[in-house]
Amino acid sequence: MTFGSRFRFIFGIIFVIAIVAALAFYLTGIMSVAKSTKAELDAASISIGTDYPGLVVKQNVEEGDKVTKGQVLFEIQSAPLNEALTSGTVSASSLPFTVSRTTNYIQLVASDDGVVDKINYRAGSYVPVGGIVATVYTVNSLYVTANFRLSPPDYARIDKSSKISLRMPDNTTQDATIFSISLVRNGDGVDTVVKARLKNADITDFRFSVGTPVEATMQLGKTTWYQGLITYIEQLFKPLGQ
Amino acid sequence: MPKSTDELQNSANRIEKQLTSPTVTLILTIATFGAFIYLNYLLQPAYRGDPLPYTLALLAEFFIITQGLLSFWTILSGRVNPRNYEYHSAQAKLYDAPLGKSAIHVLKKQDAEVASTVPMYVHHNPISVDVFIPVYGEPIDEIRNTAKAAKNIYGLHETYILDDGASDEVEAMAKKIDVNYIRRPVHENAKAGNINYALANTSGDFFLILDADFVADPTILYETIPFFENDKLAFVQTPQFYDNQTNFVSTAANFMQNVFYSLIQSGKNRFNAAFCVGTNVVFRRSAVMSIGGMHAQSKSEDIWTSLRLHERGFDSIYIPNVLSVGKTPETLMAYSKQQLRWATGSFEIFLRSNPLFMRKLTVDQRLQYFATTSYYFVGFSVLLLLLLPPLQIFFNLSPIATTIPIWQWGLMYSGFYVSQLVLAFYTMGGFKFKTLMLSNVSFPIYIKAFFNALTRRDQAWHATNTVSYDSPFNYVRIQVYVFVFLLLTTIVGLLKALYTSQLSISLIWNALNTFVFGYFVVMAYSEGRYLKKQRKQTKKTTKFKKVPIQEGVTS
């Protein structure tokens with residue numbers, strides 16, 4: 001072999017090693033995050049209802065409508081309440097809900113800003129005792145429920161401080177803070193279910209509707225695929241008996 | 001172990017006999033079913049993996065399966081003895097009446113002097129035959145052996161050494177053993193040019209070409225000339241068998257050749273598409289002259305000449321008789337160069353004048369030439385398949401759905417492949433893992449050949465096993481890179497598997513590929529050491545002789 005071809009040969013090998021190094025670096029990148037198998041937005045909802053049965057006489061909102069705190073959503077004509085009020089058994093001011101002064105109808109109001117999720121009793125229907133008339137998603141209660149299929153070592157690399165970021169259907173990203181990690185059996189494996197609250201998302205924006213499918217990416221801890229090698233090398237340099 | 005001609009002939013006979021067995025039909029039918037089952041499996045949407053590796057795998061496997069099916073078809077169609085009544089009748093009358101049917105037995109008892117001057121007849125007319133031995137820098141002892149054997153061939157003929165090496169030593173040797181010597185003034189167009197020059201200066205009705213390393217059996221003309229009773233026949237090709245199976249390269253390359261000649265070339269007879277391989281071939285001069293001589297514009301003059309002859313409507317015959325024995329490449333350098341030359345020739349034809357669209361050929365011939373000239377694309381298939389495990393290791397991309405159990409894939413895969421192994425065992429009497437390894441590690445040669453053919457780049461030509469010393473690492477550079485890449489990938493894959501405690505098929509496959517390339521690199525290393533040692537010894541004992549490089553012969 002001439003000097004030139006020898007040089008070319010060695011240069012080629014270095015080049016191959018560089019390629020593998022770059023690929024390994026890329027591998028470290030994709031192995032330092034976990035991608036969700038399934039993730040969708042969810043939100044805490046409040047139930048709106050009454051202890052008194054009665055007829056829904058007025059319905060001011062429809063499902064999906066934005067509501068503000070204190071807004072009257074429904075009015076219910078309740079015969080038992082009416083009777084109790086006229087007989088003086090109860091007084092309007094002692095009730096946990098407001099009552100119209102003129103008609104004695106029960107006024108159901110939104111306790112916080114939000115979006116109407118579901119209406120169980122529409123105008124004209126009869127609400128039984130303790131019936132939930134509607135549920136409302138409150139603002140700032142948006143969170144994501146993401147399922148991950150993690151290998152045992154990867155599971156060891158997450159905790160509540162792990163960073164999670166969401167890719168929305170319109171390709172924007174959102175950061176979220178984990179508040180719950182649980183395990184759920186799914187088929188022949190176990191899914192890690194992570195719930196994380198969105199920081200700056202407004203539920204009244206339709207892009208953040210509950211049920212929106214998203215892609216969650218969770219940052220994993222520092223240990224990674226070559227950990228075994230590092231641990232082994234560390235062992236080599238440890239004095240005996242330590 | 002070097003093998004004797006008789007041994008080689010016996011094994012060729014055995015293979016020819018085994019091939020006609022109905023069991024071969026059964027094995028090939030199963031293999032065909034296996035191919036379709038596997039293809040169907042690959043195409044199932046449910047088993048599809050990630051798009052990139054899936055596409056790569058599909059491309060590679062589709063090519064391999066197509067080539068496989070074409071060869072099954074060729075093998076199944078062949079298995080017919082090309083000798084008909086006409087042939088046998090002509091053979092009985094070859095040496096004129098007095099010798100008759102037992103001619104060959106009589107000749108065997110005669111003096112070589114007498115036997116090699118018995119006149120031969122075709123259609124009752126005396127014929128003249130020339131034997132050409134094109135040489136170019138081969139060792140003189142080898143040429144002498146070949147020339148002596150050529151001279152002793154039964155039947156009246158003239159023997160010529162066509163020296164492109166312009167060696168006075170060879171000329172003196174020719175004179176001494178009394179064979180003709182032709183040296184042309186200008187060495188252009190390599191071997192084809194050499195033969196064309198000889199054709200212009202000789203006049204035989206037929207000519208036999210023997211490469212410098214091919215020692216002919218005396219019966220070679222007796223076995224081939226009678227075929228020319230058919231006026232449309234342009235050439236009779238006999239196999240290239242080798243008696244040197246001394247190391248890794250020669251053993252593996254030898255088996256590769258045996259499979260080609262025994263199973264494929266013999267099948268091509270039925271398609272009238274047996275092609276010339278440049279040596280051990282008897283041509284009808286008038287046929288070759290009708291296409292303007294041997295095709296000189298390419299290093300693969302042999303297959304181009306066959307193609308032109310078939311276009312002209314001539315017939316060709318291949319017979320499996322081992323009538324001359326040569327030397328297969330013993331060094332990686334020789335092997336690489338030979339493969340590069342063959343593959344470049346194939347690609348040239350495929351790219352320049354694709355046989356599939358050659359109007360003058362029959363459909364049978366078009367398909368056969370297409371199968372032959374597209375064969376070396378297998379290099380690309382090997383490359384794609386090599387890339388699949390690293391894609392899984394570095395990118396987590398899998399060609400088949402990860403939910404599919406591996407044994408299922410293995411089962412589907414085996415139908416096609418196992419039956420081919422069974423075929424090899426049944427017909428060839430065994431299978432050489434080394435050959436599979438060598439054909440896999442040859443992929444860079446084939447890819448290089450493709451680009452050479454595409455860009456019309458020329459490669460220097462050397463005779464098999466001649467140029468004295470050159471480090472094999474100059475020829476296996478890419479294979480060493482591939483080995484380093486695979487080795488590092490296996491290490492990464494191993495650490496990854498330890499970390500995730502999941503053993504993937506990709507890792508096993510990648511490790512196997514690493515082993516194959518590693519084995520090859522070790523072979524290259526030990527060959528390099530051996531050659532170095534040999535060179536030192538030669539330097540001590542004799543003066544180093546340089547192979548003459550002629551202007552115009554190489555670039």
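Gly130(A) is exposed, because 10 other C-beta atoms lie within 10 Å (exposed means 12 or fewer, buried 20 or more, partly exposed in between, with C-beta atoms placed from the backbone). This is a predicted model, in which local features need pLDDT of at least 70 and side-chain atom pairs count only at pLDDT 80 or more, while totals for chains, interfaces and linings use all residues. Residues are numbered from 1 along each chain as its sequence is written, and chains are lettered from A and ligands numbered from 1 in the order in which they are written.

**Around Gly130(A)**
- Gly130(A) sits in the loop that links β9 (126-127) to β10 (132-148) of chain A (strands are DSSP E runs of at least two residues, helices H or I runs of at least four, numbered from the N terminus).
- Beyond its neighbours within four places in sequence, Gly130(A) contacts Gly49(A) and Asp51(A) (contact means backbone-placed C-beta atoms within 7 Å).
- Tyr52(A) is 78 residues from Gly130(A) along the chain, yet their C-alpha atoms are separated by 6.7 Å.

**Contact between the chains**
- Chain A puts 21 residues into the contact and chain B puts in 19 residues.
- On the side of chain A that touches chain B, α1 (3-31), α3 (152-155) and α4 (227-236) each supply at least two residues.
- The most comes from α1(A), with twelve residues.
- That side of chain A has 16 nonpolar, five polar and no charged residues (nonpolar: Ala, Val, Leu, Ile, Met, Phe, Trp, Tyr, Cys and Pro; charged: Asp, Glu, Lys and Arg; polar: the others, Gly among them).

**Nonpolar cores**
- The largest nonpolar core (buried Ala, Val, Leu, Ile, Met, Phe, Trp, Tyr and Cys residues joined through C-beta atoms within 7 Å) holds 154 residues, of which Phe132(B), Ile133(B), Ile161(B) and Leu208(B) touch the most other members.
- Helix α14 (residues 332-352) of chain B gives this core its largest share, ten residues.
- Leaving aside neighbours within four places in sequence, the contacts of Phe132(B) include Tyr160(B), Ile195(B), Phe207(B) and Leu208(B).
- A second, separate core has 44 residues, among them Val99(A), Ile178(A), Val194(A) and Ala201(A).

**Helices α16(B) and α19(B)**
- Helix α16 (residues 378-395) of chain B packs against helix α19 (residues 443-455) of chain B at about 125°, with the axes 8 Å apart.
- That angle makes α16(B) oblique to α19(B) (under 35 degrees is roughly parallel, over 145 roughly antiparallel, 65 to 115 roughly perpendicular, the rest oblique).
- Val378(B), Gly379(B), Phe380(B), Val382(B) and Leu383(B) of α16(B) meet Phe443(B), Tyr446(B) and Ile447(B) of α19(B).
- The residues of this contact are seven nonpolar, one polar and no charged.

Key
Axes fitted to C-alpha atoms, helices over the stretch in contact; angles between N-to-C directions. Contact = placed C-beta atoms within 7 Å.
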